[in-house]
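Reader: Could you walk me through this one? I would like to begin with the overall fold and then go on to pockets and cores.

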Amino acid sequence: MLDNFPFYLGILIVILLLIMLANKIKVAYPILLVLAGLAISFIPGVPAIKIEPELIFFIFLPPLLYEAAWTVSWKEMWRWRRIITSFAFVVVFVSALSVALVANYFIPGFSLALGFVLGGIVSPPDAVSAGAILKFVKVPKTISSILEGESLLNDASSLIIFRFAMIAVATEQFIFYKAAVSFSWMIFGGVAIGLFIGWLFMKAHKYLPTDANVDIVLSLITPYIIYLAAEEVHSSGVLAVVSGGLLLSNNRHRFLSSKSRLQGINVWESFCFILNGFVFMLIGLDLPEITKGLEAVSITTAIGYGVLITFVLIVSRILSSYGAVIVTLIARNFITVADRRNPGYKTPFILGWTGMRGVVSLAAALSIPVYLNNGNGFPQRNLILFITFIVILLTLVIQGLTLPYFIRKIKLTDVYDSPLPRDEAYNLLRKELAEYALEYLKTNYNDHIENNTSLQQLIQKWEQLSNEIDDDSISKDLKEIYLDLLNQQRQWLINKNRDDKTLDESVIRRQMHYLDIEEEKLRYI
């Protein structure tokens with residue numbers, strides 16, 4: 001490991017340069033990283049890279065899922081819960097089923113169980129790829145909310161399919177009632193474990209004498225403990241991490257200080273930035289190891305199978321997107337749906353086209369054992385690995401490069417029913433918050449106002465909606481009053497977010513971040 005340390009250090013520098021280049025030319029960085037890794041792997045003398053599946057599942061996946069759970073809006077997930085769950089579970093199953101049937105029919109030696117193994121591997125789209133691509137184009141809030149919510153759940157559903165398919169291949173039988181019990185435990189057990197451990201960490205943050213550094217370290221180990229605990233009892237570690245992350249995210253202002261929140265954001269953004277970069281570079285670097293095992297099938301034939309499966313995945317996801325819209329249009333006549341308007345043909349197409357595959361697919365393929373329990377080699381293992389790589393490469397390059405073009409070309413309109421643009425909503429929210437702050441000060445600190453010049457000045461600042469405070473004139477008493485005011489404003493924002501269903505939560509979070517900065521400023525006065 002130490003012998004290759006300069007190589008990995010060089011890879012890190014290459015990753016940073018490529019990400020800067022990607023931002024410059026407005027191309028999603030996962031595409032450049034995979035292609036660069038592929039090119040580097042052909043350079044003579046480059047150390048052979050072998051990705052261990054445990055490296056992905058236990059090192060990379062938990063923190064990436066946890067960070068995604070912290071950034072996603074629970075309100076938006078709940079608002080679009082039906083379409084999100086349909087994409088995360090139903091569409092993933094339809095994709096896996098389509099792949100299983102096509103592989104069973106067209107690829108020699110592929111049983112239906114092996115087809116489901118392959119389908120479970122390649123069915124989940126990669127959230128990082130879609131997020132990196134959507135960063136360069138303006139998309140409606142509806143689409144980004146659905147994709148963010150789907151990304152938290154589709155890995156779990158695909159890995160569940162993969163596990164059951166692996167059992168069917170190993171035992172050559174599928175007992176439905178046992179599978180149903182195991183499926184239920186994986187879902188509900190995973191959610192329960194995630195919520196319980198998340199609750200324990202929330203209490204630890206709140207009642208132990210932690211500081212910002214301890215809080216951040218605790219947040220870094222939280223996803224690993226949740227994931228390992230869930231996997232140890234054979235439930236879904238993915239759902240456990242997501243559940244725990246959502247619980248802690250939605251209660252962050254109850255147990256974390258403003259300093260912990262501000263510093264934690266920076267640490268987590270940098271941490272996940274490096275993890276994502278390494279993950280996509282490793283995909284490309286692993287190609288020689290993947291092709292090494294192809295013996296019975298020629299490279300050309302294997303590439304053809306990969307192109308076929310990619311085509312099936314793209315078509316099945318697009319058709320499923322339109323199917324989900326049709327079901328919603330029918331269901332709106334009987335139940336309350338998030339939006340009763342017809343989204344037309346554009347939105348389902350974009351949702352269907354955001355199907356880039358990534359590291360979870362490769363890690364699942366690599367986790368296939370070389371030998372079965374009876375000592376026989378796992379059938380078609382090397383071909384499954386190669387097809388998975390082709391699917392990742394093609395979806396990243398083809399869909400990743402064309403998605404921004406399609407978004408700009410068809411000119412999506414947002415079906416989100418917010419009455420105001422985001423910036424205008426933010427300014428209005430600041431005014432409402434200032435009015436609330438003034439009313440609170442005059443109601444609860446009226447006796448202080450007459451005799452405290454600094455407090456009078458603070459009131460004038462709020463009346464002018466100024467972002468600056470005269471730091472030199474803030475006394476200890478005024479600090480306490482201002483801290484109380486900031487806490488009351490946070491609670492007002494939380495209530496506003498809960499009560500106003502049309503308000504974009506990112507507007508709330510932006511103002512929350514501002515309040516954290518204001519509180520942090522007081523510590524240095």
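Author: A word on terms first: helices here are DSSP runs of H or I with at least four residues, strands are runs of E with at least two, and both are numbered from the N terminus. The model is a predicted one, and on those terms the chain has 23 helices and zero strands.

Reader: And how much of the chain is buried?

Author: Of the 525 residues in the chain, 52% are buried. The chain exposes about 24800 Å², with carbon and sulfur atoms supplying 62% of that area. Among contacts with a separation of 6 or more, 82% are between residues 24 or more positions apart.

Reader: Which residues touch the most other members of the largest nonpolar core?

Author: That core has 134 residues, and Val117, Leu118, Ile121, Met281 and Ile309 are the ones touching the most other members. A second, separate core holds 28 residues, including Leu429, Leu433, Trp492 and Leu493.

Reader: Take Ile121, then; what is it in contact with, leaving aside neighbours within four places in sequence?

Author: With those neighbours set aside, Ile121 contacts Phe162, Ser361, Ala364, Ala365, Ile368, Ile384 and Thr388.

Reader: Switching to pockets: how much space lies in the second largest one?

Author: The second largest pocket holds about 680 Å³ of space. It is lined by 27 residues, of which Phe57, Phe162, Arg163, Glu231 and Ser367 are the closest to its centre.

Reader: Which helix gives the largest share of that lining?

Author: Helix α8 does, with eight residues of the lining of the second largest pocket. At least two residues each come from α3 (53-71), α8 (141-171), α9 (176-207), α10 (212-232) and α11 (237-250).

Reader: What is the make-up of that lining by class?

Author: The lining of the second largest pocket has 16 nonpolar, five polar and six charged residues.

Reader: One more topic, the backbone: which residue in the loop between α10 and α11 should I look at?

Author: Look at His234, which sits in that loop and has a phi near 65°, a positive value in a residue other than glycine. His234 counts as exposed because its relative accessibility is 59%, and the cut-off for exposed is over 50%.

Reader: And Gln380, where does that one lie?

Author: Gln380 is in the loop between α17 (359-366) and α18 (381-410), and its phi, near 60°, is likewise positive in a residue other than glycine. Gln380 has 25% relative accessibility, so it counts as partly exposed.

How values were computed:
Residues numbered from 1 in each chain as written. Predicted model: local features only at pLDDT ≥ 70, side-chain atom pairs only at ≥ 80, totals over all residues. Heavy atoms only, no water. 1 Å grid on protein atoms, 1.4 Å probe; cavity = no way out; pocket = protein on both sides within 12 Å on 5 of 7 lines; lining within 4 Å. Points joined across faces, edges and corners; volume = space filled by probe spheres on them. Nonpolar A, V, L, I, M, F, W, Y, C, P; charged D, E, K, R; others polar. Buried < 20%, exposed > 50% of the residue type's maximum accessible area, 1.4 Å probe, protein only. Contact = heavy atoms within 4.5 Å. Areas by Shrake-Rupley, 256 points an atom, 1.4 Å probe, with all protein chains shown as cover. Core = buried A, V, L, I, M, F, W, Y, C linked by side-chain atoms within 4.5 Å.
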